[in-house]
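Student: I would like a close look at one part of this protein. Please take it slowly and explain each step.

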Amino acid sequence: MGVWCRVKNLLFGVAIGRTVIDTFGSVARVDGISMQPTFNPNTTVDFVFLSYIPVRFDSIKRGDIIVAISPRNPNETIIKRVIGVEGDVVVSKKKNNASSTRKFIPRGHYWIEGDHKGHTYDSTSFGPISKGLVVAKVSVIIWPPSRWQLLQSKIHK
């Protein structure tokens with residue numbers, strides 16, 4: 001009876017843990033340089049908390065950092081900052097082009113860019129992304145301990 005009771009408790013714990021993770025959020029590692037200096041400065045690797053609640057309640061706003069399914073490869077996710085929301089007009093500069101164009105953000109879309117200009121694959125390459133590709137909002141850097149911080153919704157110039 002002791003072993004069966006432990007197995008039931010373990011299964012119950014796994015079910016509760018999975019429900020919490022699916023509802024509230026999870027932890028993810030940030031790879032790459034496209035969001036420097038916000039993430040991974042000085043070759044450190046950051047781990048962040050991904051919150052699913054803002055996506056479910058459609059409360060993503062300008063300046064928020066989000067994780068989305070890559071428009072180029074649906075098996076990859078990208079982490080970027082929301083620069084424009086539906087109805088906005090953003091000024092877009094192509095990476096190797098001095099000219100800029102004005103882009104209207106259609107309903108149900110976001111304009112996203114990396115903080116490390118020139119070293120990012122973002123809306124300047126593929127245009128606005130559908131809200132349906134957004135997985136989570138990044139709200140906190142949780143590792144390493146020296147970098148613990150709540151992330152502010154701001155737009156870098």
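Which residues are linked in a network of salt bridges?

Tutor: The model is a predicted one. The network of salt bridges joins Asp58, Glu86 and Lys131.

Take its two links in turn. Aspartate 58 pairs with lysine 131, and their closest N and O atoms are 3.2 Å apart. This pair links distant parts of the chain, 73 residues apart. Aspartate 58 sits in the loop between helix H2 (53-56) and strand S3 (65-69), while lysine 131 sits in the loop between strand S8 (129-130) and S9. The other link is a salt bridge between glutamate 86 and lysine 131, with 3.6 Å between the closest N and O atoms. Because glutamate 86 is in the loop between S4 and S5 and lysine 131 is in the loop between S8 and S9, this pair ties together parts that are 45 residues apart in sequence. Lysine 131 thus takes part in the salt bridge with aspartate 58 and in the one with glutamate 86.

Next, consider how far these residues are open to the outside. Aspartate 58 has a relative accessible area of 47%, so it counts as partly exposed. Glutamate 86 is partly exposed at 34%. Lysine 131 is also partly exposed, with a value of 22%; the cut-off for buried is under 20%.

The loops that hold the two acidic residues of the network are joined by another salt bridge as well. Aspartate 88 lies in the loop between strand S4 (77-85) and strand S5 (89-93), and arginine 62 lies in the loop between H2 and S3. Their side chains meet at 2.6 Å, N to O, and the two residues are 26 residues apart in the chain. Here the partners fall into two classes: aspartate 88 is buried, with a relative accessible area of 17%, whereas arginine 62 is partly exposed at 41%. For the structure as a whole, the count is seven salt bridges.

Stay with the loop between H2 and S3, which also holds aspartate 64. Its relative accessibility is 1%, so aspartate 64 counts as buried. The side chain of aspartate 64 reaches the backbone nitrogen of lysine 61 at 2.9 Å. Setting aside neighbours within four places in sequence, aspartate 64 is in contact with Ser59, Lys80, Arg81, Val82, Lys137 and Ser153. One of these, valine 82, is 18 residues away in sequence, yet the C-alpha atoms of aspartate 64 and valine 82 are 5.5 Å apart in space.

Aspartate 64 leads on to a cavity. A search of the whole structure finds one cavity of 30 Å³ or more, and the volume of this largest cavity is about 40 Å³. Its lining consists of Gly63, Asp64, Ile65, Lys137, Val138, Leu151, Gln152 and Ser153. Sorted by class, the lining has three nonpolar, three polar and two charged residues. Among the lining residues, Lys137 and Ser153 also appear in the contacts of aspartate 64.

To sum up, the network links Asp58, Glu86 and Lys131, the salt bridge of aspartate 88 and arginine 62 joins the loop between S4 and S5 to the loop between H2 and S3, and Asp64 belongs to the lining of the largest cavity.

Methods:
Residues are numbered from 1 along each chain as its sequence is written. This is a predicted model: local features need pLDDT of at least 70, side-chain atom pairs count only at pLDDT 80 or more; totals for chains, interfaces and linings use all residues. Side-chain values use heavy atoms; hydrogens and water are left out. On a 1 Å grid over the protein atoms alone, a cavity is a set of points where a 1.4 Å probe fits but cannot get out, and a pocket is an open set with protein on both sides within 12 Å along at least five of seven lines; lining residues have an atom within 4 Å of a point. Grid points are joined across faces, edges and corners, and a volume is the space filled by probe spheres set on the points. Ala, Val, Leu, Ile, Met, Phe, Trp, Tyr, Cys and Pro count as nonpolar, Asp, Glu, Lys and Arg as charged, and the others, Gly among them, as polar. A salt bridge is a side-chain nitrogen of Lys or Arg within 4 Å of a carboxyl oxygen of Asp or Glu. Helices (H or I, at least four residues) and strands (E, at least two) are DSSP runs, numbered from the N terminus. Buried means under 20% relative accessible area, exposed over 50%, partly exposed in between (1.4 Å probe, protein chains only). Contact means heavy atoms within 4.5 Å. A polar contact is a pair of N or O atoms within 3.5 Å; within protein, one must be able to donate a hydrogen and the other to accept it, and residues adjacent in sequence count only if both atoms are side-chain atoms.
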